[in-house]
Amino acid sequence: MPQDRTDLPQGTLDLLILKVVGLEPLHGYAIAQRLEQISRGVVDIQQGTLYPALHRLENRGLLEAEWKDSETGRHSKYYRLTRKGRGQLEAETASWKRLTEAVGLILRATAEEAR
Amino acid sequence: MSWWTRLRQRDRLETELSAELADHIERQVADLVASGVPEGEARRRANLAQGPDKTAEACRDARGTRWLEELGADLRYGWRGLRQRPAFAAVAVLSLALGIGANTALFSIMDSLIRRSLPVRDPESLVMLDGGSWTNPIWEQIRERQHELFEGAAAWGEAEFDLAQGGEARPVQGLWVSGGFFDVFGVPALIGRTILPSDDVRGGGPGGPVVMVSARFWQAQLGSAPDVVGRTLMLDRKPFTIVGVTPPEFFGPEVGVRFDVAVPISAEPVVDAPRNALDHRSWWWLEIHARLKPGQTIEQATQALRAVQPQIRVATLPDRQTPEDLAAYLRDGFQLVPSATGPSALRDRYRLPLLTILAVAGMVLLVACANIANLQLARASERRREFGMRRALGASRLRIARQLLTESLLISALGAGLGLLFARWGSRLLVQRLSSRGNVSLDLPLDAPMLLFTAAVAVATALLFGILPALRAGRSDPQDAVKAQGRGSTDGGKGVSGPLIVAQVALSLVLVVAAGLFLRTLSAITHRNFGFDPEGVLVVSLDAGRSGLPGERLSSFFEQIRDEVAGVPGVAGVGASDVTPVSGSSWQERIEADGRPAPPEPVRAFCHAITPGWLSVYGTRRISGRDFDAADRDGAQPVALVNQAFVRKVFGGENPIGQTIRFMGRPEPQPPIEVVGVVEDAIYRTVREEPTPTAYFPFAQVMVGEIPPYSSLSVRAKSGPPSALAPDIAAAIARVDKNVSLRFRPLADQVGGALVRERLVAILSGFFGALALVLAAIGLFGMTSHAVARRRGEIGVRMALGADASKVVRLMLGRVVLLMGLGVLVGAAISLWASRFVSTLLYGLTPRDPITLAGAAAVLIAVGILAAYLPARRAARIDPAEVLREG
């Protein structure tokens with residue numbers, strides 16, 4: 001298990017959830033697994049954070065949920081992105097990109113550029 | 001999903017939540033088992049990762065409905081708490097219902113009487129000519145100039161018409177209106193058309209006399225007939241053509257009076273012939289309103305009117321006036337005042353009484369709040385363990401305070417709901433009681449201002465009595481949960497707030513003092529010597545205006561009627577007069593005695609024209625001289641009787657018999673009138689008046705020439721209620737002339753009607769004073785009971801150590817007596833200060849009447865000590881052995 005976990009910036013968790021659910025409908029356990037795998041263990045979401053976030057997004061109409069039987073025969077609640085959720089995902093992804101580029105530019109700045 | 005749906009589907013969401021979280025654990029366990037962890041260990045780890053209920057709780061928070069669920073839980077819990085304490089619940093809810101209800105009822109009356117505008121177009125630009133009523137010649141002068149001066153002007157006068165064809169009258173409330181009245185006020189016709197300027201012309205309009213009826217009259221008397229326009233309505237036995245119906249919300253131009261029919265001013269001679277008020281320069285019967293031009297201020301309009309005042313005044317000089325009076329008439333400047341809320345005699349008469357009762361009701365509500373706050377505080381100290389336990393389990397201070405506030409809101413909401421019902425009933429009853437003859441009418445809709453007021457009062461009271469217990473409970477210490485029950489603690493009254501008790505006692509004293517002042521006022525008036533005996537006398541008002549008799553024959557006509565009525569079985573005596581006491585009518589004259597130095601102030605005396613026998617019907621005693629007799633007729637020596645106040649004022653207390661007096665202030669020479677007798681003082685216009693100079697003249701001598709066709713017969717019954725004589729009297733009068741219009745009213749009713757205001761204030765303040773006493777008793781009882789319960793252990797120990805019963809009682813009463821003493825002092829100070837505002841409502845005592853104050857304090861203290869003594873005596877019965885065994 002990787003030791004260097006990073007705290008997620010405020011509001012980022014929602015974006016990450018929207019992103020992975022946007023790839024395919026998933027249940028809560030799979031979302032946590034997926035986030036951990038993709039981030040190579042850096043993002044480790046506690047259930048106490050994940051589920052309230054999922055319910056909040058559902059209440060805001062960005063996600064919708066459906067109970068389905070899975071391949072293993074388990075009855076699970078699957079979350080899917082709504083049209084509104086997709087819009088939100090695109091908007092937030094764009095703004096995230098702008099922000100990280102800006103932050104990157106500033107962090108890469110050399111003494112010359114600043115002059 | 002809206003929060004409302006989420007709230008309603010709470011159970012389904014809960015099931016899904018558990019299933020979802022269980023699913024998570026199962027999947028994790030499966031993964032762990034697959035990676036080689038034994039199942040038991042896997043399950044332990046998975047459960048640990050989720051945390052006991054932490055995740056579920058966070059998810060519930062995310063639903064956003066928690067506050068509502070908690071509110072629901074608090075309400076349910078509060079409701080259960082109330083049901084477990086039915087006595088407290090009843091006292092709290094009922095006292096609040098009475099307090100809130102009374103305030104709401106008075107608010108709704110005050111609102112419609114004082115604040116609400118007339119239901120007309122743009123009431124803010126309506127103004128009226130200040131200074132009472134005006135003559136028709138003045139109105140006609142203003143009417144001619146109305147469009148130069150204002151956008152328009154209108155006049156109206158009150159009237160009463162008779163729908164009956166003779167015999168006992170069927171009165172309807174009428175309105176004389178100018179032709180432009182409905183246009184200027186901006187009131188459209190509901191059906192048909194309004195009265196127009198073309199209807200209001202001398203001699204009648206093209207269609208003859210017309211009438212507009214109110215929506216209420218149309219519904220009640222005409223069965224809402226759709227074809228009502230064009231029908232004939234008989235008013236005072238004259239035909240009027242109905243041209244339209246006014247809208248239901250328009251009650252008329254005066255708040256508190258509701259009209260049934262409106263007829264043009266110019267139709268006055270139609271019903272009043274052979275008289276005619278239109279050209280009369282001394283009959284003041286019209287109110288004059290104007291609508292301002294856009295942008296015109298009331299000052300500009302007054303200035304414009306003042307500019308033409310000299311012409312108006314000169315053209316309308318009153319008849320039969322002395323030069324000084326005429327000069328004053330010419331000088332008197334016109335003044336316009338706003339009339340968005342319309343004039344209202346009812347408002348003028350009841351503003352102070354209603355404000356007084358509102359203040360009383362407000363204080364009752366405060367007393368009720370103090371009472372509930374104290375009961376809640378006592379209760380909260382009993383609940384210390386409960387609150388401590390909840391704190392220990394993680395409830396925040398705010399959460400506990402909120403729970404208590406919710407309980408308070410529940411109590412006040414229950415009180416307000418009940419109070420609203422009470423207010424609806426009470427305000428209607430109150431308005432009915434404002435009128436002595438059912439002629440008072442006020443709209444009291446259940447409207448937004450009233451509901452808002454009730455809600456605001458409910459929230460305010462909940463905060464008032466709930467904030468202190470909530471703060472206290474919020475401060476509770478988790479350690480309280482583990483401490484032993486409060487046994488043995490010595491802070492006897494800590495549950496109850498001393499200042500609250502002082503405030504409650506003080507306000508209660510003010511209320512009891514107010515009740516005492518008003519009840520004593522009512523008693524003083526009803527027990528004063530009226531100068532006559534109102535019981536057993538029936539007043540019969542006659543209107544012979546439609547008999548077609550010329551004025552000079554009316555006097556003998558009335559005498560003929562009197563003689564006929566005297567023959568009715570059961571009649572002990574009968575007399576005729578122009579006016580009767582406290583009837584609303586009066587006749588005043590300036591009178592001087594011949595051969596005496598003129599007094600600095602001319603004496604204005606009340607006058608009566610009476611037939612022989614009238615005084616004995618009333619039971620007014622003759623002090624000296626003789627009564628009138630049949631020989632005192634027109635053409636004989638004019639004579640008069642005077643009362644004792646007249647003798648003091650005009651004759652300086654000397655024997656007036658044989659002296660002569662004269663009417664003053666008339667341009668033509670007046671004959672000397674010989675005083676032939678002196679009678680005792682009697683009230684004339686109001687039940688409160690001091691003895692006033694009064695002169696009596698023979699009906700047959702005074703009622704000649706231009707005399708009003710209405711007079712009254714006063715009939716004394718031999719026994720039983722005098723109104724039982726009415727049918728026989730009506731039949732007797734019909735034998736003389738069946739066209740005479742009659743109204744019957746017992747004299748006792750007439751006098752009682754003049755006491756409506758006093759009786760109303762006395763009854764209401766008495767009721768609220770008694771309520772305050774009961775609440776004070778409950779408060780003190782509760783406080784002492786609580787102290788006894790808390791100090792059981794201490795009392796047991798004291799008694800075991802030798803304290804006797806009386807010492808224990810004294811111990812328990814000590815604080816109560818101290819707080820009550822402080823409260824009485826504060827209350828007495830407030831009473832002494834506040835009573836000045838009601839001095840005009842009092843009679844026969846001063847606002848700072850010491851007997852009332854001392855009596856009220858004594859009653860309050862007695863009730864308070866008794867209320868505290870009952871539980872204190874219980875303390876003395878504590879068995880020390882039992883208490884010690886408990887320890």
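This passage describes the overall form of chain B and two patches on its surface, as seen in a predicted model.

Chain B is built from 30 helices and 22 strands. Its radius of gyration is 38 Å, well over the 29 Å that the globule rule gives for 887 residues, so the chain is more spread out than a compact globule. Along the principal axes, the C-alpha atoms occupy a box of roughly 135 × 70 × 55 Å. Of the 887 residues in chain B, 54% are buried.

Turning to the surface, a nonpolar patch of about 550 Å² brings together B:Phe781, B:Val817, B:Ile861, B:Ile865, B:Leu866, B:Tyr869 and B:Leu870. The element that gives the most to this nonpolar patch is helix H29 of chain B, spanning residues 850-876, with 5 residues. One residue worth a look here is B:Ile861, which sits in helix H29 of chain B. B:Ile861 has a relative accessible area of 32% and is therefore partly exposed; patch members need over 30%.

A second patch carries negative charge and is formed by B:Asp122, B:Glu124, B:Glu151 and B:Asp183. Among these residues, B:Glu151 is found in the loop that runs between helix H7 (136-149) and strand S2 (152-162) of chain B. With a relative accessible area of 37%, B:Glu151 is likewise partly exposed.

Terms used: Residues numbered from 1 in each chain as written. Chains lettered and ligands numbered in written order. Predicted model: local features only at pLDDT ≥ 70, side-chain atom pairs only at ≥ 80, totals over all residues. Heavy atoms only, no water. Patch = residues over 30% accessible without salt bridge, like charges linked within 9 Å, V, L, I, M, F, W, Y side chains within 5 Å. Areas by Shrake-Rupley, 256 points an atom, 1.4 Å probe, with all protein chains shown as cover. Salt bridge = Lys/Arg side-chain N within 4 Å of Asp/Glu carboxyl O. Lys, Arg positive; Asp, Glu negative; His and termini not counted. Charge placed at Lys NZ, Arg CZ, Asp CG, Glu CD. Helix = DSSP H or I, 4+ residues; strand = E, 2+ residues; numbered from the N terminus. Buried < 20%, exposed > 50% of the residue type's maximum accessible area, 1.4 Å probe, protein only. Rg over C-alpha atoms; globule rule 2.2 N^0.38 Å.
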